[in-house]
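Trainee: I should like to go through this structure and understand the reasons behind the terms applied to it. May I begin once it is in view?

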Amino acid sequence: MPQTSFPFLCFLFFSILLFLYLNQKALVLHSIWILLIMQLFSFPVMSAVSGLQGQIKGFDTNEVVMLSIVILIGLFSIQRFGTGKVGFTFAPALALWFFCLGSIGIYNILKYDTTVIRAFNPAYIYYFFKRNGIKAWSALGGCVLCITGAEAMFADLGHFSVISIQVAFTCVVFPCLLLAYMGQAAYLITYPSSAGRIFYDSVPDGFFWPVLVIATFAAMIASQAMISATFSCVKQSMALGCFPRVKIVHTSRKFMGQIYIPVINWFLMIMCIVVVASFRNTADIANAYGIAEVGVMMVSTTLVTLVMLLIWQTNLFLALCFPLVFGSVELLYLSAVLTKIKEGGWLPLAFAACFLCVMYIWNYGSVLKYRSEVSKKMSTDIMLELGSTLGTVRTPGIGLLYNELVQGTPSSFGQFLLSLPAIHSVIVFVCIKYVPVPVVPQEERFLFRRVCPKDYHMFRCIARYGYKDVRKEDHHAFEQLLIESLEKFLRREAQELALESSIAELDLDSISVRSRDNGIVSVADEAGELHIPLMHDQRTDGGESSTFEASTSLILPSSIMSSAEEDPSLEYELSALREAIESGFTYLLARGDVRARKESWFLKKLVINYFYAFLRRNCRAGAANMSVPHMNILRAGMTYMV
């Protein structure tokens with residue numbers, strides 16, 4: 001390969017890194033399956049360990065595979081202790097790693113060939129493609145591998161701010177990587193045969209072992225970052241209803257973003273071991289890594305374009321310029337890496353298809369189930385016909401019926417009425433919703449609304465949670481907060497009713513006063529007496545009038561509040577609520593079986609009756625996520641025909 005190709009490759013590395021920096025908003029939108037796939041390749045760990053092959057005699061591929069598997073098992077085993085303790089060493093280890101990269105790069109540039117800085121001349125792009133033709137286009141796939149791993153920083157946006165990542169990338173990561181690649185290019189100009197082990201061969205004599213240890217730690221940190229990002233994305237997908245429910249363990253009392261998902265952790269570990277044992281070399285894994293990398297960029301650019309058009313409402317011309325500029329570059333690199341599909345590139349596409357199917361089936365079945373609940377909800381007329389006793393016996397206690405409806409009476413409540421000989425004196429329909437804010441304050445957690453007349457003692461409650469709120473809270477704390485919010489709602493409702501009645505009475509009094517004043521004036525004019533000079537003075541004095549009106553407005557709320565507190569219906573309802581609290585809480589949960597209708601297509605029956613049913617049976621139950629004691633749960637079986 002001509003010497004000018006090395007400066008050109010270095011320039012390509014520079015352009016790709018710059019492109020990655022400019023495309024950082026797109027990298028925020030990593031999809032969950034891409035994160036999982038990129039972790040499965042175990043490329044950082046295996047590439048770091050492979051440096052021992054040329055250093056230790058007899059250390060062959062089998063030894064590299066075994067040592068990589070041991071490191072991966074250890075890495076995944078410590079996840080249950082939380083990322084806080086593991087992440088304590090992140091900053092110094094990565095700082096030392098980038099310092100080594102930059103220092104080695106400067107050393108190689110000064111020792112072997114300082115003319116490598118000519119790579120900044122874009123004319124070499126033309127020379128390179130002119131001399132190599134189709135081989136130059138194929139070499140673009142190798143350039144993509146030079147930026148793999150840098151996306152892990154953007155995957156940690158849940159733990160760091162955007163500005164901190166931008167500063168770290170601009171001032172540390174980008175310059176050090178650029179110096180490292182320029183130094184390797186200078187070394188290759190002198191020793192072209194070292195292309196297979198360029199990184200470790202370019203390390204100065206006497207520094208191999210320290211650099212190997214630092215590289216191994218850096219590889220583990222990169223894998224750790226992707227594992228943490230995978231946990232965060234799984235949690236977000238669950239909140240959006242796009243992933244089956246799994247167990248989430250919060251490993252930190254101080255930082256809510258530090259979580260651990262056992263099922264995902266062990267699944268990733270098994271898949272990493274399978275991939276390493278199957279591929280047994282970094283070349284095929286690198287090919288798969290490159291396709292996944294460009295796939296992330298293509299998907300992210302498409303999603304950012306949609307966000308610009310639909311959410312940001314950017315000018316149409318500017319919004320279309322974004323995919324035109326970035327998308328053309330990405331398509332060029334994608335066309336180069338797609339030639340490696342048979343050489344390991346099929347792996348990310350296979351895993352992407354599997355995870356996409358799981359997420360689509362779960363979301364599809366959940367949407368159909370919700371639509372079935374909406375269509376079969378009980379009407380208000382039926383509830384009124386049953387009366388306040390609901391056609392059965394009302395026993396003391398509070399029943400919390402969980403459902404997904406924000407209005408109306410769910411059909412599962414009718415199933416409980418048919419199955420139980422008695423129903424609780426207070427019924428609360430609880431609907432959990434996730435809102436796009438980090439944390440919802442406790443005083444704004446619940447929104448209440450009355451269902452049916454007062455004597456029914458039935459309420460609608462919407463529990464709102466942010467994406468950083470701890471959902472699995474103690475059920476006693478949840479019940480206490482719910483009751484306090486319900487009492488506030490009842491008192492506020494009584495005050496509003498008292499205010500409405502007071503305003504109506506004031507309107508009636510003003511009408512009667514005006515009519516009475518007209519009568520008094522006419523009588524006074526006729527009799528020549530019954531004049532009221534005091535009232536006349538108050539009417540003519542503007543200051544006194546304003547004072548009187550202000551005092552009246554100040555007295556009105558307190559009188560309304562006192563009348564609301566003395567409302568016998570409020571006192572009766574509060575006493576009934578306290579009596580129900582003493583009898584305890586019962587969680588009414590419907591165990592729904594979702595089945596496709598008989599007239600449905602065969603594919604729909606296959607998806608709903610088998611695949612979606614399998615996911616529902618094996619995912620985490622709602623009661624487990626709510627941390628509800630099993631002794632307080634009542635279940636009723638239902639079948640949803642979708």
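Trainee: In which loop is Leu 390 found?

Mentor: This is a predicted model, and in it Leu 390 is found in the loop between helix 18 and strand 3.

Trainee: What makes Leu 390 count as buried?

Mentor: The relative accessibility of Leu 390 is 3%. Buried means under 20% relative accessible area, so Leu 390 counts as buried.

Trainee: What is phi of Leu 390 near?

Mentor: Phi of Leu 390 is near 60°, a positive value in a residue other than glycine. Most residues other than glycine have a negative phi. Cys 452 also has a positive phi, about 70°, although it is not a glycine.

Trainee: Where is Cys 452 found, and why is Cys 452 called buried?

Mentor: Cys 452 is found in the loop between strand 5 (446-451) and strand 6. Its relative accessible area is 18%, and the cut-off for buried is under 20%; Cys 452 is therefore buried.

Trainee: Which loop holds His 457, and what makes His 457 count as buried?

Mentor: The place of His 457 is in the loop between strand 5 and strand 6. With a relative accessibility of 12% set against a limit of under 20%, His 457 counts as buried.

Trainee: Which residues are in contact with His 457, leaving aside its neighbours within four places in sequence?

Mentor: With those neighbours left aside, His 457 is in contact with Arg 394, Ser 425, Val 426, Ile 427, Tyr 572 and Glu 573. In addition, the C-alpha atoms of His 457 and Leu 577 are separated by 8.8 Å, while the two residues are 120 residues apart along the chain.

Trainee: Let us turn to helix 20 (residues 475-527). Why does Glu 479 count as buried?

Mentor: Glu 479 lies in helix 20 and has 8% relative accessibility. Because buried means under 20%, Glu 479 counts as buried.

Trainee: What joins the side chains of Glu 479 and Tyr 587, and how do you know that the term applies?

Mentor: A polar contact of 2.8 Å joins these two side chains. The term requires a pair of N or O atoms within 3.5 Å, of which one must be able to donate a hydrogen and the other to accept it. Not counting residues up to four places away in sequence, Glu 479 touches Phe 585 and Tyr 587.

Trainee: What of Ser 485: why is Ser 485 called buried?

Mentor: Ser 485 also lies in helix 20. Its relative accessible area of 14% falls within the range under 20%, so Ser 485 is buried. Beyond its neighbours within four places in sequence, Ser 485 is in contact with Phe 446 and Phe 448.

Trainee: Which residues of helix 19 (residues 411-419) are buried, and what covers them?

Mentor: The buried residues there are Ser 411, Ser 412, Phe 413, Gly 414, Phe 416 and Leu 417. Their cover includes helix 18 (380-386), strand 3 (393-403), strand 4 (422-434), strand 6 (458-465), strand 7 (585-595) and strand 8 (633-641).

Trainee: Next, the helix pairs. What makes helix 5 roughly antiparallel to helix 14?

Mentor: The axes of helix 5 (residues 61-77) and helix 14 (residues 262-279) come within 10 Å and cross at roughly 175°. Angles over 145 degrees count as roughly antiparallel, and helix 5 is therefore roughly antiparallel to helix 14. The residues of this contact divide into 12 nonpolar, three polar and no charged.

Trainee: Why are helix 9 and helix 16 called roughly perpendicular?

Mentor: The axes of helix 9 (residues 134-144) and helix 16 (residues 316-337) cross at roughly 100° and come within 7 Å. The range for roughly perpendicular is 65 to 115 degrees, so helix 9 and helix 16 are described by that term. Eight nonpolar, two polar and no charged residues form the contact. Trp 137 and Leu 140 are among those from helix 9, and Leu 332 and Tyr 333 among those from helix 16.

Trainee: How many helices and strands has the protein chain, and what percentage of its residues is buried?

Mentor: The protein chain has 25 helices and eight strands, and buried residues make up 45% of its 642 residues.

Notes. Residues are numbered from 1 along each chain as its sequence is written. This is a predicted model: local features need pLDDT of at least 70, side-chain atom pairs count only at pLDDT 80 or more; totals for chains, interfaces and linings use all residues. Side-chain values use heavy atoms; hydrogens and water are left out. Axes are lines fitted to C-alpha atoms, for helices over the stretch in contact, and angles run from 0 to 180 degrees between N-to-C directions. Helices (H or I, at least four residues) and strands (E, at least two) are DSSP runs, numbered from the N terminus. Angles under 35 degrees count as roughly parallel, over 145 as roughly antiparallel, 65 to 115 as roughly perpendicular and the rest as oblique. Contact means heavy atoms within 4.5 Å. Ala, Val, Leu, Ile, Met, Phe, Trp, Tyr, Cys and Pro count as nonpolar, Asp, Glu, Lys and Arg as charged, and the others, Gly among them, as polar. Buried means under 20% relative accessible area, exposed over 50%, partly exposed in between (1.4 Å probe, protein chains only).
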